[in-house]
Structures are given as C-alpha cells and as structure tokens.
Amino acid sequence: MKKGAILGIVIIAVAIAMIISIYTDSSTYASFNDAQKTEEEIHVVGELNKGKELFYKPTDNANYFAFYMVDNDGTECKVVFNGSKPQDFERSEQIVLTGKMVGEEFHASKILMKCPSKYNKDQVEVTESAASSV
Amino acid sequence: MDIKFQGESLFPGQFGQFLIILSFGTALLSCISYFFATRHKEDTSWHKIARISFFINIASVIGIGSSLFYIIYSHLFEYHYAWSHSSRTLPVYYIISSFWEGQEGSFWLWMFWQSLLALIVLFRSKSWENPVMTIIMLCQACLASMLLGIEVFGERVGSSPFILLRQALEAPIFSNPNYLSMIADGNGLNPLLQNYWMVIHPPTLFLGFASMIVPFAYGIAGLWERKYKEWLKPALPWSLFAVMVLGAGIIMGSFWAYEALNFGGFWAWDPVENASIIPWFTLIAAVHVIIAFKNSGHSYFTATFLVLISFVLVIYASFLTRSGVLGETSVHSFTDLGMYWQLVAFNVVFLILMVYFLVTRWKELPITKKDEDTYSREFWLFIGALILVIACVQIIATTSIPVFNAIFKTKVAPPVDAIAHYNKWQAAFAILVLTLSAIGQFLKYKKTTPKVFYANLLISFIVSVLLTAILVYITKVYTNFIYILLSLAAIFSLVANARVLGDAFKGKWKLAGSSVAHIGFALLLIGALVAAATNKVVSLNASGSIPIAGFEDAEKPGENLFLYINEPIEMDGYTITYVGDSVANPNVYYKINYERKDKETGKIVERFQLTPNAQQNPKMGLIGTPSTRHYITKDIYTIVTSAPKLDEPTEQHDHGHEGHDANEGFEEPSTQMVNIGDTLRYKSGYIVVKGVNRNATLQNMPLANGDLLFALQLEVHAASGEVFEADPKYLIKNGNSFDFAKDINEQGLRLRFTKIVPDKGVELMIYQKALPEKKWVVMKAIEFPYINFFWCGTIIMTVGFLLSIFRRNKELKGKIA
C-alpha cells in the first residue's frame, strides 16, 4: 500500500501544480480601457472600424500594419501590428487581439479573426448575365 | 402558394434522405436485436434480424455517400451542400475533399468506416459478435441521427446534407420559379483545403476515430457478459490498429499544416489538434497497461478504464470541434449547426454506459490487492500510463477553457502564449515517458534482478550521454536545459530500444514491434524538438526595420521581407530574387530564386527556385501556400504574405488614339533652362545635354530658305544601365517657332526643345509618364532544421505498430483456434 500512497500524493501534487499553471497562464478578455491599466499582455475582442483606413504599405515597411478597432465597450483605439496584413482582414467580423497598450496605441502580438465563413448562411450570389435570361 | 421550380433534380436528394432515415432505422433495429440476441442466446431469430438490418444499414450508408457524391459531382447547386462546398471549376480530385469539408460529409465518413469495421467484427469476432455489435450499432444509430435533419417536437435533430438551397437560405430569388438559372456557380472549396493531403488526411483520421469504437465495444461487452479477462485479448490488436491509424492521421494533418497552411509550423497546440491527440494518448496508455495485465495480472481497472474513456474522449473531441463551443479560441472556423445539445447527448450516452458498467461490476472486477514489485516491468508500464494520462489531463484542461466558460458563465481567456504553455508541461511529460520507455526494456515482468538491471542500464545510459552530447552539439539545442534533458531522454529510449531490436534480429522477433514503435516515437520527438526549438525566421528584415510611427522600440525586427521584381536581396547567406510569376488559375505562383555563393571565390554553389503560391480568392482574399526546399538536414520554408492585387489594370493604356492633348498620358512637365554639359535627373535615370546641332534635318519637311532648325543632342541614361539618344528639334519658320518632340517609350519620356534664349541656354521640357507600378511581393522564410527526423519517426512508429498488430493477432489466433 505504501507505494500506492506515494503515487497518489505525487499525482495530486502534479494536478495542483497544473491547475495553478493553467490559472496563472490564462488570460482575460478585456477592453482597451482595461489594457490601459495593465502592463501585461491581454486579449481584446472587438470589431474592425471599417470606416477608417487600414494602413499597410509594404513598399515602405512590410512589417507595419495599423488599423482602428472598436472594442466591445465601444472604445476605439489604433492598433499596430508588427507584421504583414493578415489575409482577408477587411472582411473580418470579429477580431481577437493579443497584446498590450504602448502609449495611445495597442501593440498586437497576435491577431485572430473570425470571418463570415461560407458556412454562414450568407447571401446567394446572383450573376447578372444569368439574370437576363429570365 | 406553391411555386413550381424549374430545373431542379430532386430525386437524388429525396433518395438520399430516404436512405438516411433507413440507415438510422436499421442501425437502431440492429442494435436492439443484437441486444436481445445477447440476452437470449438460445433464440437465433434476434441474431438473424440484427444481421439483416446491419446489412441493409451498410448498403444504405454506401447509398447516402453515392447520392451525395453524385450531387456534388454533377454540380446540382439546388442542394445546399453542393452549393456551399464545391464549384464548377473544382478539379475532380478535390470534389472528394469538398465531400468532407462540411460536417455532414465527415459524419458520413465516420459512419462509413464504422460500418466497414463492423463488417469485419461481424465475421471475425465469433462469440463476441452479439454484445460487441450492440454497442457499435448504438454508435451507428447516434451518428445516423446527426444526419437526419428532421424536426422532432419542434427541435431539429441532425443536419441533412440533402437539404435544398432554397430550404437552407432565405433570399428573394427563391420566389422566382427559375431561380436555379441565376445561380451560376457554387461557393467553392476553401482554398486551404485544396491540397492533396486534404484528400487523404480526413479519411485516415476518421478511420482512426471510428476504429476506437471496437475496443470500447469489447470492453463494455466484457463487463456486460462478465467475461472480464477474455475481452482484452481481441481488444488489443484493435487498439493497436486504432492507435496506429489515428497517429498516422494526426501526423498527416500536421504535414498538411506544414505544407499548406501559413502558420509556419507543424504543430500549434490548436484546440482542434489537441482534441484529436487526447484520445490517442489515452489509448496508447491503455495498450501499455493491457500488455502489463496480460503478463502480470496487474492494472486491470486501469486498462479497462483507459480503453473505455478513450472512445468517450473521441466523442468529446467531436463535440469540441463541431459544436462551435471553441468560438474564438481556435483559428479553425466552425459554426454551430444547431446540434450542440445533440452532441452533448451523444457524449453523455456513452459516458453513462461506461460509468454504469464500471460501477455495477466494480466488486467483481479482477483487481489484485498485491503491490507490484518495484523491479518489474508491469509497475513501470503502469507508471508510464499514468504519466500519459496526467499529460492528457493537462491538454484537456487547457483546451476545455471555453467549455468551462460555457458551463460556469465565466470569461476566462486561454493562455496568451498557448504554445509555450503546452510545451512547458508536455516537454516534462515527454522526458518521463521516453525515459520509462527505455528503462522498461531492461525490466522483466514480475521480477528482475537489480544487479543485472543496473548493469544493463548503466551501459546504455553512458552510450546515450555520449550520443546526446554529439546530437546536441550538431543541432545546437544546447541553449536550454530542458532541451538537453529531452534529447537525452529520447536518445536513451532510442539506444535501449535499439538493443532490444538487435536481440530481435537474433531470433526474438516477437519483441520487434514495440522496440520499432518506440524508436520511431523517440525520433519523432527529437525531430519535433529540434525543429521547434531551433527553427528561425530567416527573412528578417535585413535593412533593419525602418522606423515608422511607433515601432522604433519594437523588440523584434520584422519577419517579412519586401522584394521588388528583379532586385536581389541578401538573406541569411542566400541571394534571393523575385523573378516573376506565373498564373495557373486560381493560383498565382511567385517565382523566387535562391542563390548561394561561395564566400571566397564568389562562385554560385547552389541555385534553386521556390514557387510559393497564393490564391487571390475573391471571397477570402490572398491565401498563401508555402513552398519548401527540402534538404536532408533542414527545410527552407517560404511563403508569400502579401502581393499586389492582380485585378488592378496594369498601366498599359492604348496609345493608338492621340486625343485632344498631344501630351495626354504624361504628368505635368518640368521646364528647365539647360546648357551643354548639364545633367538632369528624371524618375528612373538622368539625361546629359551633349550639344546643339545646327545642321539638323527633318525627315518629312524640306527646309525653306531662312528657316532655322536646331536639334538638341541628349543622352538618356536609364537606371538599368541602358543608354538612349534623343534629339528633339526646334524650328523657326517665317518668324513662328515649332518644335518636334522626341519620345523614349522604354522610359516613358517625352523631351521637347521649346526655346532658345541667347546667353542663357535652351529650354528643355521633360514629360514623364507615371511609372508603371513595379511588381513586388512580401515573403517570409523559415528554416526548419532536422524536421526529417519528425517525418521519419512517424513512419518508423507506424511500422512498429504494424509489427505489433501482426504479433498480437497471431497470439489471438493461436489461442482461440
């Protein structure tokens, strides 16, 4: 029985360590205002402000991409990403940023976006040429 | 009001829908009949009904697949599935991929494999047929219910692949009876899935998932029929088969990600990847403790529990990936097909089944009260299995964060750096598991003499330390203590298992399977470690990131390189040049030349071309597919991350029609007073004024007396090195002045000699065209060292599993017959 007891204790210890690790590594979904208050990297969820221009000029710098995002509280902030413009960024519906505030800008280290996937029951495309055959 | 729609072919859909209901009904009937056949062994009529309904089931499953394939293949866009997953331009072999792009198709795939496996079980399992098939057909009925698409008490059950477009969507065009003629094409297949790996990865993965039902069914059958020890024997080769196929399927997915996706790697701990690896871990652990139990009688409960939980975790994996619960934590886009609760129910049914039998049979289980000997193989096999389970718990816990959020209404985000979080834990578990897979080979079942054990261990360990030192030096992973430890553990496992393999060649061939599989696994981990730890982005912005607004303090330089066409750039010892592109619709292949020169002689020692392609998908934007140069010791992976839009009309206007303004097409001219010897800049070069020719002639116009004609001799030096000559002319005729411009079309230049001002010089007007935008591309290159270990390890591991299956199968036959 002794070996079993030792094993049990070891497993419990590892399990506790894992839970603590997951808890400390896990992050929170926050707003830009929350991001302003912390130095740590956090997740911000929001939408791309499609009214404002996306800034990506690879001819000047292939690793600078900036845009404006409105978070779920309605706060708008300029977001800067040290990389190229993610594919199909303009069509994104929801963006999840990982990063932190630097001055007035949010520096994103990771951008994850949800696009209106084709599984979404979106609009049927109708071609004009075919419509004339009616 | 009823609209008579034109041009729809409704038969394949109605036929398919009928078959879905038939397959659900027959699966259920077969399950119930097998259940009663198990209860009433003397009455063979139940058994007959069960078999007949199973055969109808398998026929209808094949029929469903054929109908769906016919619909996609014939581009019947009146069906939602064909419309949303395929298009007319799709090559035939990708029609197969589009078949399982949707959830319905992948459920069908699962059903299809499951019915084939059931067929094997039916003919080969003998006395086990009734109870085992009861469980398999229960699962078959659950899967068929996912395809039903029928309203039951106001709740839609399942999602049918045969639903019509006009039933699935609401759009004004469906009020038109002739709507079908307006739908020119389907939505097409996601470009990322247009890859040959996508043709074979899903079937392999689903075969792996599907085959996990068989050991589960044997387990339940064993508990149900109180044949507690007997069921493990036939379940072992099935478990090995499931582990082999699922393992191969997972790595194929990883290879697909590496070859076709742009996230730059082969494993990203994405929830979808995790979901598939969790049941693999538990079943691997199960295989080990089954073997321990067979040889020693220990660990019965652990073996049973692990076999059963593995299949429950397969269902949990499909809940995670198909219910939409992962939401924003995964890069894979999944949408809820409204089957959330149905998937939960599927999970709960099998979980209850497992818990019910374990609890009710608990007291009768052949659990030994004796402690295992510390110097026995079974003890360490058990410990190894335990470590795998703990590793698994860690993956489940972090991957399930969105599930906890859904249950407890919390809003916890997953770790910011998920890869580091998982690696931290899994590296430690991997070290332990690898070490055990080495130590285990020196131990015997029941009892080992410590002296012999330590002597053998020591020799292998010393050899391993030496080999590790060499490996770590060559692969440059010595920067991190954990890396060194992991390398040592892997090499130790490699050496210990190689010794066993050496014995196998001397005649103990029975042991070959496990040692080959362990060697493969150790190689795989070495490959993964080295490639993941030392891969480096080589396309670092060599010019130093240009400080623009706010990024002066960026810690890391940019990872993307900007290349103008035909302008070579130095990158990590290579000279790379973007030399052009070729279009093979819908892909654009960007040709990037790599050249490496010998440092001293300057001779080109190596030259190759990579052609990363990108699909400019109108619906999804630029989708890059990498191109990789494979060496034995490393890979160079290149991907296009940005490129100019193709649709933009190139600046090639037709100059045939001269409009009202002769200088149309040119920008505002610059007018300058020049003298002989002056040099003037223009956009892409410079112009030297050589002199003025007073005796010039005009081709079409004879000069009259008193006319004065001057030609300005100019030399145009283009930046490319070309030199052009031009002589715009100035004519004074009857007191009026005229001028004859000279064009240099290659440079987009028009030069006019418009005035002579004595003592000051002559007036030159330079017209320039807007420069046609030069082609450019933004790319990223990553070097993956020693990734071939990873792929080699996978193949070797699969071979090892195959050998083990043969061995266990022979054992099974030998004992039963």
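Let me start with the open sheet in chain B of this predicted model, where 4 strands follow one another in the order β14-β23-β22-β21 and the pairing is antiparallel. The edges are taken by β14 (670-674) and β21 (742-744), and because each has a single partner strand, one side of each is left without a neighbour in the sheet. If we ignore direction, neighbouring strands of this sheet are turned by 25 degrees against each other on average. For the pairing at one of those edges, β14(B) runs antiparallel to strand β23 (residues 761-768) of chain B over 5 bridges, and within that pair B:T671 stands opposite B:M765 in β23(B). As general background, the strands of a sheet pair through backbone hydrogen bonds, either parallel or antiparallel.

Before I go further, a word on confidence. The model as a whole scores ipTM 0.77 and pTM 0.82. Chain B averages a pLDDT of 85, and 93% of its residues score at least 70. Among its elements, helix α9 (residues 213-224) has the highest confidence, at 97, whereas strand β11 (residues 621-625) has the lowest, at a mean of 73. There are also stretches of chain B where the pLDDT is below 50: residues 542-555, with 22 contacts in the model beyond near neighbours in sequence, and residues 648-660, with 7 such contacts.

Staying with chain B, let me turn to helix α2, residues 44-73. How far apart should the ends of a helix of 30 residues be, at 1.5 Å a residue? The expected span is 44 Å, and the end C-alpha atoms of α2(B) are 43 Å apart, which agrees. The buried residues of this helix include B:A50, B:S53, B:F54, B:N57, B:I58 and B:V61, and further along B:I64, B:L68, B:I71 and B:I72. In an α-helix there are 3.6 residues a turn, so residues three or four places apart point the same way. What covers the buried residues of α2(B) includes α1 (11-39), α3 (80-85), α4 (92-99), α5 (103-124) and α6 (129-145) of chain B. After the helix comes B:H75, whose phi is positive, near 50 degrees.

That backbone angle brings me to two more residues of chain B, and I would set them against the general background that most residues other than glycine have a negative phi. B:S299 has a positive phi, near 60 degrees, and is found in the loop between α11 (271-296) and α12 (300-322). Is B:S299 buried or exposed? With 25 other C-beta atoms within 10 Å, B:S299 is buried, the cut-off for that being 20 or more. B:Y786 also has a positive phi, near 55 degrees, and its place is in the loop between β24 (776-785) and α20 (787-816) of chain B. B:Y786 counts as buried as well, because there are 23 C-beta neighbours inside 10 Å.

Now to chain A, which has 134 residues, 29% of them counted as buried. The secondary structure of chain A comes to 3 helices and 6 strands, and from the N terminus on, the elements run α-β-α-β-β-β-β-β-α. Of the contacts in chain A with a separation of 6 or more, 47% are between residues 24 or more positions apart. Chain A averages a pLDDT of 75, with 81% of the residues scoring at least 70, and over residues 117-134 the pLDDT is below 50, although this stretch has 26 contacts in the model beyond near neighbours in sequence.

Near the start of chain A, an unreviewed UniProt entry annotates residues 5-23 as "transmembrane region". In the model, that span is 100% helix and 0% strand, and its end C-alpha atoms lie 27 Å apart.

I will finish with strand β3 (residues 65-71) of chain A, which is largely enclosed by the rest of the structure, because 5 of its 7 residues are buried. β3(A) pairs in the antiparallel sense with strand β2 (residues 42-48) over 3 bridges, and with strand β4 (residues 76-81) over 6 bridges. A:M69 takes part in both pairings, as the bridge partner of A:L48 and with A:C77 as its partner in β4(A). Finally, β3(A) and β4(A) form a hairpin with 4 residues between them, and in the turn A:G74 has a positive phi of about 95 degrees.

Note on methods. Residues numbered from 1 in each chain as written. Chains lettered and ligands numbered in written order. Predicted model: local features only at pLDDT ≥ 70, side-chain atom pairs only at ≥ 80, totals over all residues. pLDDT = per-residue confidence, 0-100. Contact = placed C-beta atoms within 7 Å. Helix = DSSP H or I, 4+ residues; strand = E, 2+ residues; numbered from the N terminus. Expected span 1.5 Å × (residues − 1). Buried ≥ 20, exposed ≤ 12 C-beta atoms within 10 Å, placed from the backbone. UniProt positions renumbered as here; feature names shortened; annotations may be inferred. Pairing = 2+ DSSP bridges. Axes fitted to C-alpha atoms, helices over the stretch in contact; angles between N-to-C directions.
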